[in-house]
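Please open the structure in your viewer and keep the selection tool at hand. The stops below say what to select next and what can be found there.

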Amino acid sequence: MSVFSSTVALLPVPRLVHGVVALASLMALPSAWADLLGDQTGPTETRFGLGLGFMANTKPYAKFGNDTGALPILAVENNWLSIAGPRADLKLYAVNGLSLRLRAAYGVSDGYKATDAVVLRGMAERKSSGWLGVAALWRTDVATFSAEWLRASSQSKGQTLRLSVERDFPVTSAFSLTPRVGVVRYDKKYVDYYYGVRREEATFNRSAYAGSAVTQAELGLRMTYDIVPKAQSVFLDVSVTSLGKGIKNSPLVDRSSTSSVKLGYLYRF
């Protein structure tokens, strides 16, 4: 059994945070939500999940520090709709483990304010955006494969393409491990908007920079323990993302990778 690899909006603890996690983590692996609540076979059956967790993640920007926060969890899953925090799927087609969906999401972790870090002083605010696109999920006996294409509806007007795979390894009847690997592509518009430096923003210590498209690799591991089978679970999710050159080369960035840790409890009904 799997739990969340996507996350939902944060309550800021101890300081105001930009959002949940990097976009790659926010909308990754839609399979986890369906696994979490169980595959739906009845046309009217709906399952819900409520929980609470804690998240800590790094952002690429220099001296930005870690985002930390309490994590309220809400999920809804049935035969035609999947809602996972800032992401909603309309299921168009499902047969033999294959599901095709229309997807709407909100990139709450994107962007920054000039006051968030020293390196960002004098930069214009970069805002979060809504995303629209399509997604596909294919469950097999070997693994679960997923793909999605999304386009920002405002702000960057960028696009992203993600391919990922995960597999559950039951250790005991109550405990399981779920490793995952993924590749995500961000286009030039997205990278330039969030990591570029405009001419009017350039300083002696921060040169102008035009971002370029990047391809990034992601690795993650989710550990799940069922307190009550199919009803109550606790989970730990850790992940790391290797940043592409178009982001690493930005004068706003001082690292080559980012990481995320999520710990939580989920009650399903």
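**A tour from the tyrosines to the strands**

Begin by selecting Tyr-193, which is buried because its relative accessible area of 13% falls under the 20% limit used for that word. What you have on screen is a predicted model, so each description here applies to that prediction.

Keep Tyr-193 selected and add Arg-126, which lies over the face of the tyrosine ring, at 5.8 Å from the ring centre.

Now turn to the aromatic pairs, of which the count comes to ten. Among them, Tyr-193 and Tyr-194 form an edge-to-face pair, with 4.7 Å from centre to centre and 90° between the planes. Tyr-194 is buried as well, with a relative accessible area of 1%. If you then add Trp-131, Tyr-186 and Tyr-190 to these two tyrosines, you will have the cluster that ring pairs link together.

From the cluster, follow Trp-131 into strand E7, where this tryptophan stands opposite Ala-105. Select E7 as residues 130-139 together with E6, and you will see two strands that run antiparallel and are joined by nine bridges.

Stay with strand E6, residues 98-106, and show its side chains, which alternate along the strand. Which of them point to the buried face? Ser-99, Arg-101, Arg-103 and Ala-105 point to one face and are buried, while Leu-98, Leu-100, Leu-102, Ala-104 and Tyr-106 point to the other and are not.

Next, select strand E5, residues 87-95, which runs antiparallel to E6 and is joined to that strand by eight bridges. Within this pairing, Lys-91 stands opposite Arg-101 of E6. E5 and E6 form a hairpin with two residues between them, and in the turn you can pick out Asn-96, which has a positive phi of about 50°.

For the last stop, switch to a surface view and colour Trp-80, Leu-90, Leu-92, Tyr-93, Val-95, Leu-100, Leu-102, Val-134, Trp-149, Leu-161 and Leu-163, which together make a nonpolar surface patch of about 980 Å². Which strand gives the largest share of this patch? The largest share, four residues, comes from E5, and E5, E6 and strand E9 (159-166) each supply at least two residues. Finish on Leu-163, which lies in E9 and is partly exposed, with a relative accessible area of 49%.

Notes
Residues are numbered from 1 along each chain as its sequence is written. This is a predicted model: local features need pLDDT of at least 70, side-chain atom pairs count only at pLDDT 80 or more; totals for chains, interfaces and linings use all residues. Side-chain values use heavy atoms; hydrogens and water are left out. Buried means under 20% relative accessible area, exposed over 50%, partly exposed in between (1.4 Å probe, protein chains only). Two strands pair if DSSP finds at least two bridges between them. Patches are made of residues with over 30% relative accessible area and no salt bridge: like charges are joined within 9 Å, nonpolar side chains (Val, Leu, Ile, Met, Phe, Trp, Tyr) within 5 Å. Accessible areas come from the Shrake-Rupley method with a 1.4 Å probe; for residues, only the protein chains shown count as cover. A salt bridge is a side-chain nitrogen of Lys or Arg within 4 Å of a carboxyl oxygen of Asp or Glu. Rings of Phe, Tyr and Trp (its six-membered ring) pair if their centres lie within 6.5 Å; planes under 30 degrees apart count as stacked, over 60 as edge-to-face and the rest as tilted. A charge sits over a ring if NZ of Lys or CZ of Arg is within 6 Å of the ring centre and within 35 degrees of the ring normal.
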